[in-house]
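Trainee: Got a minute to go through this model with me? I'd like to start with charged pairs.
Mentor: Sure, let's put it up.

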Amino acid sequence: MSIYYVNTNIVKTTRVFPKQGRAEYHRYDANENPEGLPLDFVEAVKKEITPEYLAMYPEPERFIGKYADYLSVKKENVYCTNGSDHGIRVLLEIFGEPDKEVVTVSPTFEIYWVCCSLLGLKHKPVQYNDDYTLPIGRILEAITNDTRIVVLLNPNSPIGNLYTDEEVQTVIDKAKKVGAVVILDEAYHYFYDKTFLHFAMENDNVVLLRTFSKLMSIAGIRVGMLVGNKDLIHWVRNSRLAYEMNTVGLLFAERILEHPEMIEKLITQEREGKAYFISELKKHGYWYMDCHGNYVLVKPKHDAHEVAKRLETEKKTLVHPYGNAMMKDMLRVTTGSRKAMEFFVKVFFEVDNN
């Protein structure tokens with residue numbers, strides 16, 4: 001057997017990867033749009049994907065300029081990444097320091113602690129209370145002279161708590177005092193009206209994350225966005241490979257921005273579907289939590305893992321159960337249009353009421 005060096009941070013990191021072979025299932029497990037973009041829009045964009053187009057290396061600058069215009073910021077304040085999870089790793093690589101701390105809440109998007117482990121950073125999770133509340137003072141106490149990055153998801157995933165402007169400002173101020181960068185992750189922005197974009201424009205230690213995977217419905221072709229002070233974005237640009245985006249993702253993202261009416265329709269459809277789903281849960285006496293994203297946490301009447309397994313095997317329908325103690329009785333259910341949620345309600349009640 002050959003002997004070779006392997007980075008010790010990679011050796012010590014245990015990974016659990018997403019389920020594969022999901023294409024033949026009804027997918028309510030990963031907060032993707034269950035139905036995707038309108039078919040006529042997809043077909044129109046596909047006509048632009050010629051052999052010559054695919055043969056060309058990706059050129060992201062035009063799309064970056066259009067996204068900057070879409071947000072009413074300067075081009076120098078924007079960069080795109082191969083999905084927002086790639087953006088997270090980039091930010092932790094640049095602004096994290098080995099053996100120094102990255103403060104997040106817990107539970108939250110697992111890729112943050114994964115990247116900390118892979119990069120040799122100290123993950124410092126701030127735990128929720130048993131009633132799913134988390135006082136902002138607890139986050140402030142966690143920020144010390146050893147902190148290099150502070151992460152706030154608004155709304156947070158999976159527990160959809162929200163932060164006020166005043167709370168975010170106190171975190172930014174504390175982070176500045178210790179020389180830390182604040183990441184404001186807005187993966188679920190379009191399902192919740194408030195944005196903290198202004199903090200990224202007003203502070204030199206704040207970067208905002210957005211994604212085209214959730215509402216924009218192109219998780220399969222990976223487009224994430226970073227928005228912040230021009231110096232922060234400069235270091236992101238300086239660290240990247242020559243070609244890390246793909247031309248298909250850039251094309252679809254650009255065309256989506258050109259159809260604001262489609263974006264609004266997607267928002268309306270999800271809200272209608274979620275409202276219907278919640279009304280059915282109430283009618284049938286279920287405990288649930290509206291998490292301000294395109295998903296709802298639900299406590300089924302039977303064991304959550306057993307219900308998830310039966311949905312998968314009997315109904316070809318996927319939902320997301322949890323292993324940690326705080327959420328072991330819950331299922332996370334992606335929300336979509338009224339039609340998508342009518343189907344889910346039918347199969348869910350058939351399984352959970354049996």
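Mentor: Start with lysine 100 and aspartate 146, whose side chains meet in a salt bridge at 3.1 Å, N to O. A salt bridge here is a side-chain nitrogen of Lys or Arg within 4 Å of a carboxyl oxygen of Asp or Glu. One caution: this is a predicted model, where local features need pLDDT of at least 70 and side-chain atom pairs count only at pLDDT 80 or more, while totals for chains, interfaces and linings use all residues. Residues are numbered from 1 along each chain as its sequence is written, and side-chain values use heavy atoms, with hydrogens and water left out.

Trainee: Where do lysine 100 and aspartate 146 lie?
Mentor: Lysine 100 is in the loop between helix 5 (84–95) and strand 3 (101–106). Aspartate 146 is in the loop between helix 7 (136–142) and strand 5, 46 residues apart from its partner. Helices (H or I, at least four residues) and strands (E, at least two) are DSSP runs, numbered from the N terminus.

Trainee: Is lysine 100 buried, exposed or in between?
Mentor: Lysine 100 counts as partly exposed, at 22% relative accessibility. Aspartate 146 is partly exposed too, at 34%. Buried means under 20% relative accessible area, exposed over 50%, partly exposed in between (1.4 Å probe, protein chains only).

Trainee: And how many salt bridges does the structure hold?
Mentor: It holds 31. Take glutamate 254 and arginine 62, which meet at 3.2 Å, N to O. Glutamate 254 lies in helix 11 and arginine 62 in helix 4, so this pair ties together parts 192 residues apart in sequence.

Trainee: Which of those two is buried?
Mentor: Glutamate 254 is buried, at 4%. Arginine 62 is exposed, at 55%.

Trainee: Got another one?
Mentor: Aspartate 165 and lysine 194, with the closest N and O atoms 2.7 Å apart. Aspartate 165 is in helix 8 and lysine 194 in the loop between strand 6 (181–185) and helix 9, so the pair ties together parts 29 residues apart in sequence. Aspartate 165 is partly exposed at 23%. Lysine 194 is partly exposed at 29%. There is also a network: salt bridges that share partners join Glu48, Arg62, Lys66, Glu254, Arg255 and Glu258.

Trainee: Back to helix 4. Which of its residues are buried?
Mentor: Phe63, Ile64, Gly65, Tyr67, Ala68 and Leu71. Their cover includes strand 2 (78–81), helix 9 (197–202), strand 7, strand 8, helix 10 (230–239) and helix 11 (247–257). Just after the helix, serine 72 takes a positive phi of about 60 degrees.

Trainee: How many aromatic pairs are there?
Mentor: The count is 16. Phenylalanine 63 and tyrosine 67 make a tilted one, 6.1 Å centre to centre with 45 degrees between the planes. The rule: rings of Phe, Tyr and Trp (its six-membered ring) pair if their centres lie within 6.5 Å; planes under 30 degrees apart count as stacked, over 60 as edge-to-face and the rest as tilted.

Trainee: Why are phenylalanine 63 and tyrosine 67 about one helical turn apart?
Mentor: Because they are four residues apart in helix 4 (residues 61–71). Phenylalanine 63 also pairs with phenylalanine 212: centres 5.9 Å apart, planes at 70 degrees, so that pair is edge-to-face. Phenylalanine 212 sits in the loop between strand 7 (206–211) and strand 8 (224–228), so the pair ties together parts 149 residues apart in sequence. Phenylalanine 212 is buried, at 1%.

Trainee: New topic: sheets. What order do the four strands of the open sheet take?
Mentor: The order is 9-10-13-12, with antiparallel pairing. Strand 9 (287–293) and strand 12 (320–321) are the edges, each pairing on one side only. Two strands pair if DSSP finds at least two bridges between them. Strand 10 (residues 295–299) and strand 13 (residues 331–334) have four bridges. Leucine 297 stands opposite arginine 332 in strand 13.

Trainee: What packs on that sheet?
Mentor: Helix 12 (residues 260–283), which touches strand 9, strand 10 and strand 13. Contact means heavy atoms within 4.5 Å.

Definitions and conventions:
Axes fitted to C-alpha atoms, helices over the stretch in contact; angles between N-to-C directions.
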